[in-house]
Amino acid sequence: MSVAPVPADPADEVELDLFLEALHRRWHYDFRSYSRASLVRRADLARERLGCATLSDLQGRLLRDPLILPDVIDAMTVQVSELFRDPSYYLALRREVVPHLRTFPSLKVWVAGCADGEEVYSLAILFQEEGLLDRTLFYATEINRRALARAEAGVYAIDRLPAFSQNYQRAGGTGTLADHYTAAYGRVAFDRRLRDRTVFTEHNLATDQVFSEVHLVSCRNVLIYFDSPLQDRALGLFAEALTRGGFLGLGSHETLRFSSQARHFAAFHEPDRIWRRTASREDAHA
Ligand SMILES: C[S@@+](CC[C@H](N)C(=O)[O-])C[C@H]1O[C@@H](n2cnc3c(N)ncnc32)[C@H](O)[C@@H]1O
């Protein structure tokens, strides 16, 4: 027997809308087109972490106190990630995509929603092992400034290493993960050379524009938090940024099949959610 969903309290709905409006109008963070179920949970987490009785109380503080903004953004975003998360994605990149990328004299890669940096270090290691790192410029973008700072530092708790190493092997790593980091004091620091050619910068897929032409966009586990129009917006940015024949990799629960932007892409390796840009960048606006 199916259980009927409990209807949302209209007062809670208005309170959430006003909180999102305040966040947008006062601080220019636009969460209004994120998927509603996740927004309800994240906003409530922000309220709880900041010790407010109601979302309206939090809204009042947020309007006047910039110091609480990073804590609010932390609560509103999810940084869960792993090195070589979903190893088969990286294996597919290595085996199927790299041979195409190799034909370019120089490469640009956009990692959108890079969280604490695990995805960008995974790609940098893969590119280094495939001899592509020196000719590649990575853009690692994110809305959460604290996460971006952690990504740039490239330092992780040592207890995450077993999972990282296992993923690395499954992703077709050609050496050992230890070739790429130094361990000390309970932490591992990834080699500087992996991020020497990475620009870490704030970029919001909900409000910002394209900043460069790229050959690969890797945007994993970000679109799942967006509603369909916002997913379309982000996919439109990727279509506009990608060079003809460029590649787009999404998360294992994400697809562009139902998007208005699907016409700009052809399936390349669907099991691992990799698509290819079909025509010129100009038609992305069409
Ligand atoms: C679950 S993490 C994904 C991390 C990594 N891409 C992965 O798949 O392992 C989602 C990230 O997207 C970021 N994010 C959320 N909304 C965003 C937006 N509008 N523009 C850019 N990044 C966003 C969050 O701050 C968070 O760090």
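Here is a walk through this predicted model, from its domains to its cores, rings and a few odd backbone spots.

Start with the overall layout. The chain splits into domain 1, covering 10–76, and domain 2, covering 87–285. Measured out over C-alpha atoms by calculation, the centres of domain 1 and domain 2 sit 29 Å apart. The two do touch: 11 residues of domain 1 are in contact with 13 residues of domain 2.

Now look inside. The largest nonpolar core has 49 residues, and the members touching the most other members are F19, L23, F31, W110, L205, F238 and L248. At least two residues of this core come from each of α1 (10–27), α2 (36–49), α3 (55–64), α4 (69–76), β1 (107–112), β7 (214–219), α10 (228–241) and β8 (242–250). The top contributor is α10, which gives 7 residues. The core also draws on both domains, with at least three residues from each of domain 1 and domain 2. As background, nonpolar side chains in soluble globular proteins tend to be buried together. Apart from this core there is another one, of 40 residues, including L126, F127, L161 and L177.

Two of those well-connected members are worth a click. Take W110: once you set aside neighbours within four places in sequence, W110 is in contact with Y139, T141, H203, L205, F211, V214, L216, V217, S218, L237, F238 and A241. Then go to L248, which lies in strand β8. L248 has 0% relative accessibility, so it counts as buried. Not counting residues up to four places away in sequence, L248 touches V217, L235, F238, L242, L256, F265, R273, I274 and W275. One of these, I274, is 26 residues from L248 along the chain, yet their C-alpha atoms are separated by 5.6 Å.

While you're there, have a look at R273, another of the residues that L248 touches. R273 is in the loop between β9 (265–269) and β10 (274–277). Its phi is near 60°, a positive value in a residue other than glycine. That catches the eye because most residues other than glycine have a negative phi. R273 has a relative accessible area of 24%, so it falls in the partly exposed class.

Y185 shows a positive phi too, near 50°, and is likewise a residue other than glycine. You'll find Y185 in the loop between β4 (181–184) and β5. How accessible is Y185, buried or exposed? With 84% relative accessibility, Y185 counts as exposed.

Back to α10, where R233 lies. R233 has a relative accessible area of 25%, so it is partly exposed rather than buried, the cut-off for buried being under 20%. Leaving out neighbours within four places in sequence, R233 is in contact with N204, L205, A206, T207, D208 and Q209. Of these contacts, A206 is 27 residues from R233 in sequence, with 7.2 Å between the two C-alpha atoms.

Next, the aromatic rings. The structure holds 15 aromatic pairs. One of them joins Y121 and Y156 edge-to-face, at 6.3 Å centre to centre and 80° between the planes. This pair links distant parts of the chain, with Y121 in helix α6 (residues 118–129) and Y156 in strand β3 (residues 155–157), 35 residues apart. Y121 is buried at 1% relative accessibility, and Y156 is buried with a relative accessible area of 4%. Y121 has another partner in F190: the ring centres are 5.5 Å apart and the planes are at 25°, so this pair is stacked. Here too, distant parts of the chain are linked, from Y121 in helix α6 to F190 in strand β5 (residues 187–190), 69 residues apart. F190 is buried, just as Y121 is. Step back and you'll see that ring pairs link Y121, Y156, F164, Y181 and F190 into a cluster.

Finally, visit helix α5, residues 87–101. This helix has 15 residues and reaches 19 Å from its first C-alpha to its last, close to the 21 Å expected at 1.5 Å a residue. α5 bends by about 35° at R94. R94 is also among the buried residues of α5, which are P87, Y89, Y90, L91, A92, L93, R94, V97, V98 and L101.

Terms used
Residues are numbered from 1 along each chain as its sequence is written. This is a predicted model: local features need pLDDT of at least 70, side-chain atom pairs count only at pLDDT 80 or more; totals for chains, interfaces and linings use all residues. Side-chain values use heavy atoms; hydrogens and water are left out. A nonpolar core is a set of buried Ala, Val, Leu, Ile, Met, Phe, Trp, Tyr and Cys residues joined through side-chain atoms within 4.5 Å. Buried means under 20% relative accessible area, exposed over 50%, partly exposed in between (1.4 Å probe, protein chains only). Helices (H or I, at least four residues) and strands (E, at least two) are DSSP runs, numbered from the N terminus. Domain bounds come from an automatic or database domain assignment. Contact means heavy atoms within 4.5 Å. The expected span of a helix is 1.5 Å times one less than its number of residues. The bend at a residue is the angle between axes fitted to the seven residues ending there and the seven starting there. Rings of Phe, Tyr and Trp (its six-membered ring) pair if their centres lie within 6.5 Å; planes under 30 degrees apart count as stacked, over 60 as edge-to-face and the rest as tilted.
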